[in-house]
Amino acid sequence: MSTGTRMSQPTSGGAFPVQRIRDDFPVLNQRVNGQPLVYLDNASTAQKPRVVIDTLSRYYAEDNANIHRAIHTLAERATQAYERTRSKVREFINAADSREIIFVRGTTEGINLAAQSYARSVLTEGDEIIVSAMEHHSNIVPWQLVCQQVGARLRVIPVDDDGELLVDEYRRLLSERTKLVALAHVSNVLGTINPVKQMIEMAHSHGAPVLLDGAQAVPHLRVDVRDLDCDFYAFSSHKLYGPTGVGALYGKADLLEEMPPYQGGGEMIASVTFEKTQYNVLPYKFEAGTPNIAGVVGLGAAIDYVQQVGLSAAGGYEHELLDYATGVLAAIPGLQIIGTAREKASVISFVIDGIHAHDLGTILDQHGVAIRAGHHCAMPLMQRFGVPATARASFAFYNTREEVDALARAVDAAIEVFG
Ligand code: 7TS
C-alpha cells in the first residue's frame with residue numbers, strides 16, 4: 001500500500017515553507033468562534049496531515065484484514081503495511097533491529113509495559129527507581145505501582161527555578177540500590193530538553209538501565225536510541241502527527257528477550273496447551289490481541305511525512321518561533337513564564353497575575369486560540385513551582401509568527417477583561 005501522496009516541498013535554500021506545510025493540514029483551515037483557528041495545543045496532540053488521513057481511509061477502503069494469521073491477499077497486504085511501519089520506526093529512532101520495536105497504545109502503555117514486565121520481575125524490596133520532578137503522571141504512577149508490588153522505593157531528581165534537572169542531586173541519588181532510571185527526554189510543561197545522554201551514562205555506571213519518555217521529544221528532535229544508549233524509549237504516534245491509540249516502545253533486544261509477556265492472548269504465543277504455553281518470538285511476545293492495525297499504518301505515513309519535512313529544518317523553525325513567542329509573551333506585564341531552561345523545545349507554560357489558567361484558556365478560545373490550561377498531568381511539578389495550574393502554548397512546525405501575535409492579542413484581551 002502506498003502512503004506517498006502530495007505534500008509540501010521545502011523551498012530550496014529559502015525559509016521554512018510553513019504556508020505550504022499548513023496546506024497539508026485540513027483542520028487548520030477553519031474559523032473557531034468567528035476567528036481563524038490558532039492551534040497551539042500541539043503538546044497535547046498534533047494535527048494530522050492529509051496524507052495520514054488518506055492513508056487511514058485507504059487502508060480501510062482497500063486493505064483491511066487481520067494481520068499475521070491468514071493466507072489471503074488482504075491479510076498479506078495488511079501485514080506488510082503493519083510490518084513496514086515497524087521498519088520505519090526502527091529507522092526513525094535508529095534502533096538496531098525491528099524486533100526491538102513493540103507497538104503499544106501510546107507512551108503510557110509503553111511505560112506500563114516496561115514497569116510491569118521488566119521492573120516487576122527484576123526489582124525486589126529495598127531497590128530504588130529514580131524519576132525526576134518534571135515527569136508526566138505516565139512516568140510516575142506505573143513506577144509507584146511497581147514499587148508497591150515489590151517493596152521498592154521511588155527517588156526524585158529535583159529541578160531548579162529555570163526548570164533544569166539538578167544533575168549533581170541525581171549523582172547523589174544513584175547507588176547500588178538504583179535498579180532503574182525513568183526520565184522525560186523533553187518536559188511537556190517546561191519544554192526542557194534534559195541532558196539524557198549524560199544521565200544515561202551515569203545510570204549505566206551504576207548498572208541501572210534507563211527508560212526515556214520520548215512523548216514530547218520525537219516531534220521536535222532527531223532521536224537516536226543507539227547514540228543515547230537508552231535501554232527503553234517510549235513515544236506516542238498522535239503527538240507525531242499520526243493517529244491516536246498507537247505508539248511504540250523500543251527496548252534493547254537482550255532485555256526484551258529476558259522479560260516475561262505483559263499481556264496474554266492471541267499472537268503472543270508459539271503454542272498453547274493447558275499445561276504449558278510457549279511464547280512467541282520478539283516483538284510478537286509483547287503484542288497480544290489484534291492491534292491497532294490502521295493506527296500503525298497511519299503512524300508509518302506520519303513518519304514518512306515528518307521525514308520529508310525534515311526534523312532538523314522543522315526543529316530550527318520551531319526554535320525561531322519559540323524565541324519569538326518567548327519575547328512577545330515575556331513583554332506582557334504580569335505574565336510569568338514557567339520554564340526558562342537553556343535547552344528547550346517549543347513549549348511555553350505561563351501564569352498571569354490574577355487570572356486562573358482555566359479562565360485564560362476560555363477567553364483565548366473565544367478568540368479562536370487553542371491552548372491547554374491545567375496541571376498537564378504533572379501535579380508534582382505544579383507543586384514545585386507553587387502554582388495550581390499553568391497556561392501552555394506549544395508550537396508545531398505549521399504554526400506561524402502571526403499566530404504568536406494572535407495569541408498575544410488574545411492574552412491582552414483576557415487581561416483587559418480580568419484586570
Ligand atoms: N509523557 C509525556 C512527557 C507526555 O507529554 C504525555 C502526554 C505522556 C507521557 C502520555 O502520552 P499518551 O499519548 O500515552 O497519553 N502529554 C500530554 C500533555 O502534555 N497534554 O496532553 C497530553
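This report covers the two domains, their interface, the ligand site and the salt bridges of one chain. The model is predicted.

**Domains and their interface**

The assignment splits the chain into two domains. Domain 1 is built from two stretches, 3-32 and 310-418. Domain 2 runs over 52-308. Their centres, taken over C-alpha atoms, are 27 Å apart. Domain 1 puts 38 residues into the contact, and domain 2 puts in 37 residues.

How much area do domain 1 and domain 2 bury between them? The figure is about 3100 Å². Carbon and sulfur atoms account for 56% of that area.

Charged and polar pairs also cross this interface. The rule finds 2 salt bridges between domain 1 and domain 2. R384 pairs with D161 in a salt bridge, with 2.7 Å between the closest N and O atoms. The interface of the two domains also holds 19 residue pairs in polar contact, both partners being at pLDDT 80 or more.

Which elements give two or more residues to the side of domain 1 that touches domain 2? They are α11 (311-330), β14 (347-352) and α13 (379-385). Of these, α13 gives the most, with 6 residues. By residue type, this side of domain 1 divides into 21 nonpolar, 10 polar and 7 charged.

**Ligand site**

The ligand is surrounded by 15 residues. The closest are T108, D213, S236, R372 and R392. Three side chains with polar atoms by the ligand are listed here.

| Side chain | Ligand atom | Distance |
|---|---|---|
| H136 | nitrogen | 3.4 Å |
| N188 | oxygen | 2.9 Å |
| S236 | oxygen | 2.7 Å |

S236 thus appears twice: it is one of the closest residues to the ligand, and an N or O atom of its side chain lies 2.7 Å from a ligand oxygen. For H136, the partner is a nitrogen atom of the ligand. For N188, the partner is an oxygen atom.

**Salt bridges in the whole structure**

Side chains of opposite charge can pair when their charged atoms come close. How many salt bridges does a search of the whole structure find? The search gives 20. Among them is the pair R77 and D63, whose side chains meet at 2.7 Å, N to O. R77 sits in helix α3 (residues 73-92) and D63 in helix α2 (residues 50-63), so this pair ties together parts 14 residues apart in sequence.

Notes. Residues numbered from 1 in each chain as written. Predicted model: local features only at pLDDT ≥ 70, side-chain atom pairs only at ≥ 80, totals over all residues. Heavy atoms only, no water. Domains from an automatic or database assignment. Contact = heavy atoms within 4.5 Å. Buried area = accessible area lost by both parts, 1.4 Å probe. Salt bridge = Lys/Arg side-chain N within 4 Å of Asp/Glu carboxyl O. Polar contact = N/O pair within 3.5 Å; in protein donor to acceptor, adjacent residues only side chain to side chain. Helix = DSSP H or I, 4+ residues; strand = E, 2+ residues; numbered from the N terminus. Nonpolar A, V, L, I, M, F, W, Y, C, P; charged D, E, K, R; others polar. Near = heavy atom within 4 Å.
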